[in-house]
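This report covers helix packing in one protein model. The sequence and structure come first.

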Amino acid sequence: MEKAKLLLVDAQALPEVFRRVVKAKQLLASGLSANASDAARKAGISRSAYYKYKDAVFPYEDKAAAPLITVHAVLEDKPGVLMALISAFYAAGANILTVNQNIPVMGAALVSISARVDTARLSTEELLNSLRGVEGVKTIENITGA
């Protein structure tokens with residue numbers, strides 16, 4: 001079987017149907033459409049056009065457009081500490097992608113949190129300082145180097 005050859009093409013150079021297929025896929029992924037028929041209708045294409053191109057057309061998301069941060073923290077084993085840390089991310093406008101908390105040992109829990117910070121209202125350093133100020137956070141460090 002021959003390997004697929006991919007091209008990166010400006011969306012404006014493509015027929016409208018491809019942009020509409022991407023729109024339909026986004027409607028499905030976001031939950032704004034419950035099924036392919038509804039998504040195709042909302043995007044302004046036929047269901048058959050959606051199925052014809054859905055596996056061949058994908059949006060391109062530049063990594064610079066969605067910077068990520070992953071932090072490693074040591075939290076006191078007290079109720080509400082993790083929630084307060086997550087709330088600090090929310091207050092800064094960051095979008096949490098993953099949270100991994102280990103079982104607490106000797107009064108401390110290790111936590112790793114990854115978040116998109118392209119919508120954050122704070123710089124990475126300001127966000128880290130804000131997170132360090134959360135009551136119950138013993139240590140926190142940026143392990144992505146961003």
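What covers the buried residues of helix 5?

## Basis

The model is predicted: local features need pLDDT of at least 70, side-chain atom pairs count only at pLDDT 80 or more, and totals for chains, interfaces and linings use all residues. Residues are numbered from 1 along each chain as its sequence is written, and side-chain values use heavy atoms, with hydrogens and water left out.

## Buried side of helix 5

Helices (H or I, at least four residues) and strands (E, at least two) are DSSP runs numbered from the N terminus. In helix 5 (residues 124–132), the buried residues (under 20% relative accessible area, 1.4 Å probe, protein chains only) are Leu 127, Leu 128 and Leu 131. They lie on the same side of helix 5 because they cover an arc of only 100° around the axis, taken from the directions from the helix axis to the C-beta atoms.

Their cover includes strand 1 (68–76), helix 4 (81–92) and strand 4 (137–142), where contact means heavy atoms within 4.5 Å.

## Helix 4 against helix 5

The axes of helix 4 and helix 5 come within 9 Å and cross at roughly 145°. Axes are lines fitted to C-alpha atoms, for helices over the stretch in contact, with angles from 0 to 180 degrees between N-to-C directions.

Leu 85, Ala 88, Phe 89 and Ala 92 of helix 4 make the contact with Leu 127, Ser 130 and Leu 131 of helix 5.

Key:
Buried < 20%, exposed > 50% of the residue type's maximum accessible area, 1.4 Å probe, protein only.
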